[in-house]
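Let's take a walk through a protein chain together, one stop at a time. Keep the picture open beside you as you read.

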Amino acid sequence: MNWLSSSSTAASTFLSPSALLPPPTHGFSSVTFKVWKKKNRCIRKARRIEISAKFVLEPPPYPLNALEPIMSQETLEYHWGKHHRTYVDNLNSQIDGTDLEEKSLEDTVVISYNKGDFLPAFNNAAQAWNHDFFWESMKPGGGGKPSGDLLKLIERDFGSFEKFLDEFKTAAATQFGSGWAWLAYKESKLDVGNAVNPLSSDEDKKLVVVKTPNAVNPLVWNYYHPLLTIDVWEHAYYIDFETRRPDYISVFMDKLVSWDAVSSRLEQAKARMMEREKEAERKKREEKPRSSEPNPEIYSDSDAELGADE
Ligand SMILES: [Fe+2]
């Protein structure tokens, strides 16, 4: 899946959700595909008239009926086919003719967040990114328990997988109104103007659970790397679960989470963090000689004297 235009990919600060995953292998039968194709005929037609639009609505990496009976095709048709589509369409209208037109989706999210004083494009940009990330956080036959480094980190930072589950479910259930719950990998950095931050040790980097209102996501706080999300807007679960949000959250964790995707994102986050540390070290080395140079102010008096003598 490619959210980004070719001109903006290289300049992207963050990886697109799809960049963190291997190409989707749908693996569905021809019968299923025919049903899916028929159901989406109108959506595919609509995509053809978006040729000049920068961001394109891509389908989830599985057929719309692949998550049944847990998440129904009807839910996906509304959630992806209408809500997600609207965010992308609105975003394309909002950035048309603005500086944001040249930015990646990730950069658009961060720039339009504008330190909490949202620019008009923020909500649609963030919702477009969040939903793509959400679809890829699930897979048919998902759930269960992760393994490898991801499980070790979860056990280190939450005490046990069960304690992590409790914390994540509580965050998702207690997000007031619309929003999202996240598992993120947080770099340990002081976010203070003049602070001199020593490089983090491995133990400083932690998995954290956070919840965000409306469209906000952890990309907007530098040093947070999102790994997993659940959409707790009512439109995500009302058709299948009505008002029973806790039931939706439980079944999402038990039967839908793609731990493969989360593990892959963790590896990408580690690589990104290593790049940042190398870049910080390089800058530090470059700045050192300059700090040992004489202060230009030392010469200011003599300059003034010269000026006075003239
Ligand atoms: Fe949603």
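Before anything else, a word on labels: helices and strands here are DSSP runs, with at least four residues for a helix and at least two for a strand, and they are numbered from the N terminus. Also keep in mind that what you're looking at is a predicted model.

With those labels in hand, find Leu 153, which sits in helix 7. Is Leu 153 buried or exposed? Its relative accessible area is 10%, and buried means under 20%, so Leu 153 counts as buried. Leaving aside residues up to four places away in sequence, Leu 153 touches Tyr 185, Leu 207, Leu 266 and Lys 270. Now look across to Lys 205: Leu 153 and Lys 205 are 52 residues apart in sequence, but their C-alpha atoms are 9.7 Å apart in space.

Let's zoom out. The chain's secondary structure adds up to twelve helices and three strands. Of its 310 residues, 44% are buried. The surface that the chain exposes comes to about 16,400 Å², and carbon and sulfur atoms supply 52% of that. How is the chain folded back on itself? Take the contacts with a separation of 6 or more: 78% of them are between residues 24 or more positions apart.

Next, head for the inside. How many residues does the largest nonpolar core have? It has 72, and the ones with the most contacts inside it are Phe 164, Leu 183, Ile 230 and Trp 259. Helix 6, residues 122-135, gives the most to this core, with eight residues. Pick Leu 183 and check what surrounds it: not counting residues up to four places away in sequence, Leu 183 touches several residues, including Phe 158, Phe 164, Phe 168, Leu 207 and Val 262. His 225 and Pro 226 are also among the residues that Leu 183 touches.

Now for the charged side chains. Side chains of opposite charge can pair when their charged atoms come close. A search of the whole structure turns up eleven salt bridges. One of them is between Lys 139 and Asp 260, with the closest N and O atoms 3.0 Å apart. This pair links distant parts of the chain: Lys 139 is in the loop between helix 6 and helix 7, Asp 260 is in helix 11, and their positions lie 121 residues apart in the numbering. How open are the two partners? Lys 139 has a relative accessibility of 27%, so it counts as partly exposed, while Asp 260, at 51%, counts as exposed.

A second salt bridge joins the side chains of Asp 157 and Arg 156, at 2.7 Å from N to O. Asp 157 counts as buried because its relative accessibility is 19%, whereas Arg 156 counts as partly exposed at 38%.

Remember Lys 205? Its side chain meets that of Glu 277 in a salt bridge, 3.3 Å from N to O. Lys 205 lies in the loop between strand 1 and strand 2 and Glu 277 lies in helix 11, so this pair ties together parts that are 72 residues apart in sequence. Both Lys 205 and Glu 277 are buried. There's also a network: Asp 149, Glu 267 and Lys 270 are joined by salt bridges that share partners.

Lys 54 tells another story. You'll find Lys 54 in the loop between helix 3 and helix 4. Lys 54 is buried yet has no salt bridge, and the nearest side chain of opposite charge, Glu 102, is 6.5 Å away. What does lie 3.1 Å from a polar atom of the Lys 54 side chain? The backbone oxygen of Glu 101 does.

Finally, let's visit some backbone oddities. Most residues other than glycine have a negative phi, and most peptide bonds are trans. Back in the loop between helix 3 and helix 4 is Pro 69, and a cis peptide bond, with omega about 0°, joins Glu 68 and Pro 69. The loop between strand 2 and strand 3 holds Asn 214, whose phi is positive, near 50°. Tyr 223 is found in the loop between strand 2 and strand 3 as well, and its phi is positive too, at about 80°. Asn 214 counts as partly exposed because its relative accessibility is 42%, and Tyr 223, at 23%, counts as partly exposed too.

Conventions. Residues numbered from 1 in each chain as written. Predicted model: local features only at pLDDT ≥ 70, side-chain atom pairs only at ≥ 80, totals over all residues. Heavy atoms only, no water. Buried < 20%, exposed > 50% of the residue type's maximum accessible area, 1.4 Å probe, protein only. Lys, Arg positive; Asp, Glu negative; His and termini not counted. Salt bridge = Lys/Arg side-chain N within 4 Å of Asp/Glu carboxyl O. Polar contact = N/O pair within 3.5 Å; in protein donor to acceptor, adjacent residues only side chain to side chain. Core = buried A, V, L, I, M, F, W, Y, C linked by side-chain atoms within 4.5 Å. Contact = heavy atoms within 4.5 Å. Areas by Shrake-Rupley, 256 points an atom, 1.4 Å probe, with all protein chains shown as cover.
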